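Dear colleague,

Please find below the structure that I am handing over to you, followed by an account of what was found in it. I should be grateful if you would read the text with the coordinates open.

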Amino acid sequence: MVICAQFLPSSIARAVNIPQPFSVSSGQILLEAKGLSCIRQDRVLFEQLSLTVHGGELLQIAGKNGAGKSSLLRLLAGLAHPDEGDIYYRQQPLAQQAADYAADLCYIGHQSGIHEQLTALENLRFWRAAVQAPAGDDYALLGRLGLAGLEDIPCRMLSAGQQRRVSLARLWFSQGQLWILDEPFTALDQTAIALLQQHFLQHLQRGGSIVLTTHQSLSLQYAQLCKLELAYRW
Amino acid sequence: MVKLGVFIQRELRLLARQKADWLNPVLFFIIVLCLFPLGVGPEPNLLRLMAPGIVWIAALLSVLLAAERLFKDDYRNGVIEQLVAARQPLLSFVLAKLVTNWLSTGLPLVLLSPLVALLLNLETPAFVALLLTLLLGTPLLSLLSVLGAALTVSADKGGILLALLILPLYIPLLIFASAAMEAATMALPYHGQLAIMLAMLLFALALVPLAVLSALKLNVS
């Protein structure tokens with residue numbers, strides 16, 4: 001770990017490249033949902049739910065298991081359509097902006113999005129190509145995430161927490177302004193959670209926005225933290 | 001267009017690590033063709049007569065065998081869901097699957113055709129027809145099986161459903177391919193059959209990738 005810390009600053013610079021200004025400036029509305037309803041298996045998870053996400057804001061969605069947190073995230077990520085209500089991206093309906101929105105979004109769902117038969121490095125290269133991120137030093141990035149020496153073994157040999165780290169490594173080269181993350185802290189140890197929160201803070205300071213679900217209380221002080229509590233309904 | 005090469009490389013790497021996925025269907029094809037002469041008797045004329053049907057039925061079933069697991073892993077570990085959310089890379093992902101599916105299941109059948117000719121006592125004209133029909137037909141088999149795999153990816157035990165969905169679509173191909181081979185054995189021209197197979201292939205090539213995209217989107221929503 002000491003060795004990793006030594007080449008830390010340069011590795012960040014190489015992995016992240018030069019930050020570019022986002023399309024929506026801080027404080028303006030990036031994403032807005034009006035009157036959302038979601039029905040799953042004849043159960044109304046939530047109805048008439050409205051929310052706004054501004055640039056530079058972190059929205060934490062909390063709630064009991066089964067309250068509909070993941071369903072809400074999937075609606076916001078454009079993966080499913082709400083039973084009622086509309087979602088607006090940059091004040092335009094999502095359906096008209098779907099391509100721009102997808103390019104501006106980094107969604108990491110409940111499943112990790114990494115293939116167990118591929119190594120950490122191969123998974124990263126795949127996602128780098130998929131999101132059209134500029135080439136970067138993946139070794140340095142994985143080292144920074146505490147995976148030095150584990151780059152070249154298949155991910156099925158890694159622990160759950162290490163797999164999660166590989167999956168979240170995408171956030172270090174994502175170009176999207178909006179991150180939608182489903183339980184990003186699952187299986188991570190304290191060091192990794194602190195590292196991830198530090199990275200969240202950087203993203204927010206650049207004017208990016210984050211929507212995430214977690215049962216943990218966020219330890220760092222975020223300037224703009226909103227919390228949305230979903231109640232469990234029968 | 002997202003870098004297609006990187007996606008194809010990924011699929012090839014996965015095939016190299018999960019050899020059973022593509023070796024089993026190829027072995028199945030060989031085994032069926034070896035068993036036929038033993039089962040129906042080694043009468044050369046009988047084998048020659050039955051060869052077109054046998055080869056193509058074995059090819060259909062072996063491609064079907066490879067189809068089921070095509071999208072399963074990527075669906076289970078969330079790759080497909082996240083690609084759908086990112087939208088743009090999905091087409092490259094599907095095209096890479098199509099190309100590598102043909103390379104791993106269609107191409108081996110083409111390469112094995114001399115062995116098939118030997119086992120079933122095919123003469124040169126029939127062998128040439130076999131080679132041509134396999135070259136035109138196996139890409140179409142791949143296209144259809146990828147479509148079936150995409151439609152049934154979220155079904156738990158999708159195997160039978162997949163077969164029910166896809167086998168009817170294979171039937172026109174089966175008819176024209178074996179008709180072409182029969183015509184060849186009787187020294188008749190078979191350009192017509194080949195042209196129809198080519199037409200079916202081009203039609204599928206234009207529409208199947210779009211259908212696969214929609215099927216994957218439907219399955220994650």
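The cover over the buried residues of helix H5 of chain B comes from both chains: it includes H4, S6 and H5 of chain A together with helix H4 (72–76), helix H6 (89–111) and helix H10 (191–220) of chain B. Please note that this is a predicted model. H5(B) spans residues 79–86, and 8 of its 8 residues are buried. They are B:Val79, B:Ile80, B:Glu81, B:Gln82, B:Leu83, B:Val84, B:Ala85 and B:Ala86. After H5(B) comes B:Arg87, which has a positive phi, near 65°.

The interface between the chains is the next topic. Contacts link 27 residues of chain A with 25 residues of chain B. On the side of chain A that touches chain B, at least two residues are supplied by each of helix H4 (98–103), strand S6 (105–108) and helix H5 (120–130) of chain A. The most is given by H5(A), with 5 residues. Sorted by class, that side of chain A holds 16 nonpolar, 8 polar and 3 charged residues. H4, S6 and H5 of chain A are also among the elements that cover H5(B).

As for chain A as a whole, the model shows 8 helices and 9 strands. Of the 234 residues in chain A, 42% are buried. Where contacts in chain A join residues at least 6 apart in sequence, 75% of them link residues at least 24 apart.

One sheet of chain A deserves a fuller description. Four strands of chain A make up an open, antiparallel sheet in the order S2-S1-S4-S5. Its edges are strand S2 (43–54) and S5 of chain A, each of which pairs on one side only. Helix H3 (residues 69–76) of chain A packs on this sheet and touches S1, S2 and S4 of chain A. The direction of H3(A) makes about 130° with that of S1(A).

Within the sheet, strand S1 (residues 29–40) and strand S4 (residues 84–89) of chain A are antiparallel partners over 5 bridges. In this pairing, A:Leu31 lies opposite A:Tyr89 in S4(A). S4(A) is also joined by 2 bridges to strand S5 (residues 92–93) of chain A, again in the antiparallel sense. Here A:Tyr88 is opposite A:Pro93, and A:Tyr89 is opposite A:Gln92. A:Tyr89 thus stands across from A:Leu31 and across from A:Gln92 in S5(A). S4(A) and S5(A) form a hairpin with 2 residues between them, and A:Arg90 in the turn has a positive phi of about 50°.

One cysteine may also be of interest to you. A:Cys226 is located in strand S9 (residues 225–230) of chain A. Is A:Cys226 buried or exposed? The answer lies between the two: 15 other C-beta atoms lie within 10 Å of A:Cys226, so A:Cys226 counts as partly exposed, given that a buried residue needs 20 or more and an exposed one has 12 or fewer. Leaving aside residues up to four places away in sequence, A:Cys226 touches A:Glu57 and A:Leu59. A:Gln60 is 166 residues away from A:Cys226 in sequence, yet their C-alpha atoms are 6.1 Å apart in space.

With kind regards

How values were computed. Residues are numbered from 1 along each chain as its sequence is written. Chains are lettered from A and ligands numbered from 1 in the order in which they are written. This is a predicted model: local features need pLDDT of at least 70, side-chain atom pairs count only at pLDDT 80 or more; totals for chains, interfaces and linings use all residues. Two residues are in contact if their C-beta atoms, placed from the backbone, lie within 7 Å. Ala, Val, Leu, Ile, Met, Phe, Trp, Tyr, Cys and Pro count as nonpolar, Asp, Glu, Lys and Arg as charged, and the others, Gly among them, as polar. Two strands pair if DSSP finds at least two bridges between them. Axes are lines fitted to C-alpha atoms, for helices over the stretch in contact, and angles run from 0 to 180 degrees between N-to-C directions.
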